[in-house]
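I opened this notebook to record what I looked up, beginning with the enclosed space and then turning to the strands.

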Amino acid sequence: MFKNTFQSGFLSILYSLGSKPLQIWDKEVVNGQIKRLQDEDIQSNVLEITGSNIQSTYITCPVDPAATLGIKLPFLVMIVKNVKKYFTFEIQILDDKNVRRRFRASNFQAVTRVKPYICTMPLTLDEGWNQIQLNLSDFTRRAYGTNYVETLRVQVHANCRLRRIYFADRLYSEEELPPEFKLYLPVQKA
């Protein structure tokens with residue numbers, strides 16, 4: 001999908017304020033819902049994914065199950081709100097041994113488990129809005145002893161509120177981020 005795109009700095013794959021935030025995403029909803037709503041904490045539109053079963057309500061990118069993202073930027077950043085329910089997300093990557101591996105983070109898991117094709121990890125979320133930063137290159141090296149090549153797919157399951165999901169070439173300080181990548185936009189004075 002982005003394989004032939006020049007990649008440096010930031011590459012956003014979901015922004016809740018866009019005209020069609022889920023344009024490149026597929027949706028699966030069973031006993032749940034995916035909707036855009038106004039978040040009271042940040043006074044802004046966000047995407048809410050809710051479901052009675054986290055496995056059956058999710059968004060996944062890209063839409064085509066045979067396609068891949070082809071994103072080479074090693075840092076994944078998600079701006080997500082803790083809604084105090086079970087929540088999980090999964091990243092599928094390709095390593096330099098040409099093996100597809102998945103990293104799954106969940107707020108209901110206590111220990112990290114590394115299996116040949118999937119690494120499951122606990123995720124601790126603070127109250128309210130969180131910025132989740134994953135160094136996929138470091139994770140791949142530590143879990144499998146191989147090198148990260150690219151991200152193939154991103155899947156976000158219920159239950160959460162999303163503001164943005166993007167990839168970056170490195171971790172940026174708050175001061176370095178473009179204004180639209182920051183969570184709390186300054187209040188405009190009239």
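Which residues line the largest cavity? Working on a predicted model, I listed the lining of the largest cavity as Val77, Gln131, Gln133, Tyr166, Ala168, Arg170, Leu171, Tyr172 and Leu177. I then asked which elements give two or more residues to that lining, and found β11 (128-135) and β13 (160-168). Sorted by character, the lining of the largest cavity divides into six nonpolar residues, two polar and one charged.

I next looked up the volume, and noted that about 40 Å³ of space lies in the largest cavity, while the structure holds one cavity of 30 Å³ or more.

Second entry, on the sheet. I traced an open sheet of seven strands, whose pairing is mixed and whose order reads β2-β5-β12-β7-β8-β10-β9. At its edges I found β2 (26-28) and β9 (113-114), each of which pairs on one side only.

Within this sheet I followed one pairing further: strand β8, covering residues 100-106, and strand β10, covering residues 118-122, run parallel to each other and are joined over five bridges. Along that pairing I noted that Arg102 stands opposite Ile118 of β10. As a reminder to myself, strands of a sheet pair through backbone hydrogen bonds, in either the parallel or the antiparallel sense.

Last entry, on the helix. I checked what helix α1 (residues 136-144) lies across, and wrote down β7 (88-95), β8, β9, β10 and β12 (148-157). Relative to β8, helix α1 runs at about 105 degrees.

Terms used. Residues are numbered from 1 along each chain as its sequence is written. This is a predicted model: local features need pLDDT of at least 70, side-chain atom pairs count only at pLDDT 80 or more; totals for chains, interfaces and linings use all residues. Side-chain values use heavy atoms; hydrogens and water are left out. Two strands pair if DSSP finds at least two bridges between them. Helices (H or I, at least four residues) and strands (E, at least two) are DSSP runs, numbered from the N terminus. Contact means heavy atoms within 4.5 Å. Axes are lines fitted to C-alpha atoms, for helices over the stretch in contact, and angles run from 0 to 180 degrees between N-to-C directions. On a 1 Å grid over the protein atoms alone, a cavity is a set of points where a 1.4 Å probe fits but cannot get out, and a pocket is an open set with protein on both sides within 12 Å along at least five of seven lines; lining residues have an atom within 4 Å of a point. Grid points are joined across faces, edges and corners, and a volume is the space filled by probe spheres set on the points. Ala, Val, Leu, Ile, Met, Phe, Trp, Tyr, Cys and Pro count as nonpolar, Asp, Glu, Lys and Arg as charged, and the others, Gly among them, as polar.
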